[in-house]
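Here is a short report on one protein model. Look at the sequence and the structure first, then read on.

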Amino acid sequence: MNLLKMGVSAGWLDYFRPPENISTTAHLIDDLFNFTTVMVTFYFILVCIGLFGFSYLYSKKRNKTPYYTYGNKKQHLIVTAFIGAVVFLSIDLNITRIANNDLVNTFWKFPDSKTEKVLKVEVMAQQWMWSFRYAGPDNEFGTNDDIVTNNDLRVPVNTKVLFHLTAKDVIHSFFVPNVRLKVDTIPGRITRVWWEVNKPGKYDIACAEMCGTHHYLMKAALTVYTEEDFNKWLASSSLIAANTNDPQDANLAWGWKWEE
Ligand SMILES: [Cu+2]
């Protein structure tokens with residue numbers, strides 16, 4: 001383990017922080033996470049003040065005669081309902097409101113390849129690996145010039161990437177911590193997700209759905225290239241695909257017609 005090495009470059013607080021944010025939308029998830037943490041901490045402190053404060057105020061020392069109550073008087077019910085409503089309105093309803101806004105205004109606004117530049121990628125999850133498919137020079141999925149990689153996703157920086165995902169066997173979950181993005185891949189169904197990453201580098205992709213004995217090994221690499229490097233990689237991979245893709249190879253035949 002290189003924990004020591006990491007410890008030198010990173011402060012101990014870094015172990016509590018989420019991984020580096022590399023996308024245009026990750027801050028929305030972080031904001032929601034922080035909001036929830038702050039609100040829950042605030043109410044936790046209030047509850048502690050109440051619990052320990054009343055224990056102190058009504059201790060045996062200060063109250064020689066005990067007072068018995070079932071807490072079922074009208075006044076008690078009103079106070080309880082009021083506190084419950086305040087907690088519900090300030091935490092739950094706000095989380096729902098923020099999450100719904102993020103979904104409608106951002107995560108469900110899928111990029112449209114007719115009006116903007118979009119890289120399309122098909123993803124196939126299976127026990128226990130990830131396969132990625134690019135349409136290749138003919139821009140058609142499921143044809144013999146497709147570029148297919150295993151456990152190796154490469155995308156350009158500052159470009160919207162639209163993923164269509166499915167699974168071969170059981171439910172998996174496509175999880176990219178640096179993008180704060182997680183979407184289930186389901187046999188017989190196509191799920192969609194998009195991102196725009198803004199930092200070249202190497203990152204991790206994991207499976208976030210317990211999918212069998214080797215679930216923990218279901219890891220893929222994400223490489224974010226500059227646009228120039230990506231085009232170079234795409235061109236050389238197209239050449240390799242054209243020369244080596246075997247139409248008889250059943251392992252390559254999982255692609256499907258792309259439908260928006
Ligand atoms: Cu999995």
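Is Thr149 buried or exposed?

## Thr149 and its surroundings

This is a predicted model. Thr149 is buried, because its relative accessible area is 10% and the cut-off for buried is under 20%. The residue belongs to strand β3, which covers residues 147–150. The side chain of Thr149 has a polar partner: one of its polar atoms lies 2.5 Å from the backbone oxygen of Asp152.

Asn151 sits in the loop between β3 and β4, the latter spanning 152–156. Asn151 is partly exposed, with a relative accessible area of 27%. That value falls in the class between buried, under 20%, and exposed, over 50%. Asn151 and Tyr225 are 74 residues apart in sequence. Their C-alpha atoms are 16 Å apart in space.

## The copper site

Which protein atoms serve as donors to the copper ion? They are ND1 of His172, SG of Cys207, SG of Cys211 and SD of Met218. These donors lie 2.1 to 2.6 Å from the copper ion. Along the chain, the donor residues follow the spacing H-x34-C-x3-C-x6-M.

Why is the arrangement tetrahedral? The 4 donor atoms subtend angles of 90 to 125 degrees around the copper ion. Four donors count as tetrahedral if all angles lie between 85 and 135 degrees, so the arrangement qualifies. For reference, the ideal angle for four tetrahedral donors is 109.5 degrees.

Two of the donor residues can also be described by their accessibility. Cys211 is buried, with a relative accessible area of 4%. Met218 is buried too, at 2%. Both classes rest on the cut-off of under 20%.

## The largest pocket

How much space lies in the largest pocket? The volume is about 450 Å³. Two elements each give two or more residues to the lining: α2 (26–57) and α3 (74–107). Of the elements, α2 gives the most, with 5 residues.

Which residues line the largest pocket? They are Tyr43, Leu46, Val47, Gly50, Phe54, Tyr58, Tyr67, Val79, Ile83, Val86 and Val87. By class, the lining divides into 10 nonpolar residues and 1 polar residue, with no charged residues. Gly counts as polar in this scheme.

Key. Residues are numbered from 1 along each chain as its sequence is written. This is a predicted model: local features need pLDDT of at least 70, side-chain atom pairs count only at pLDDT 80 or more; totals for chains, interfaces and linings use all residues. Side-chain values use heavy atoms; hydrogens and water are left out. Donors are N, O and S atoms within 2.8 Å of the metal (3.2 Å for Na, K and Ca); water is not among the atoms, so sites may look incomplete. Four donors count as tetrahedral if all angles lie between 85 and 135 degrees; four count as square planar and six as octahedral if opposite donors are over 155 degrees apart and all others between 65 and 115; anything else is irregular. Buried means under 20% relative accessible area, exposed over 50%, partly exposed in between (1.4 Å probe, protein chains only). On a 1 Å grid over the protein atoms alone, a cavity is a set of points where a 1.4 Å probe fits but cannot get out, and a pocket is an open set with protein on both sides within 12 Å along at least five of seven lines; lining residues have an atom within 4 Å of a point. Grid points are joined across faces, edges and corners, and a volume is the space filled by probe spheres set on the points. Helices (H or I, at least four residues) and strands (E, at least two) are DSSP runs, numbered from the N terminus. A polar contact is a pair of N or O atoms within 3.5 Å; within protein, one must be able to donate a hydrogen and the other to accept it, and residues adjacent in sequence count only if both atoms are side-chain atoms.
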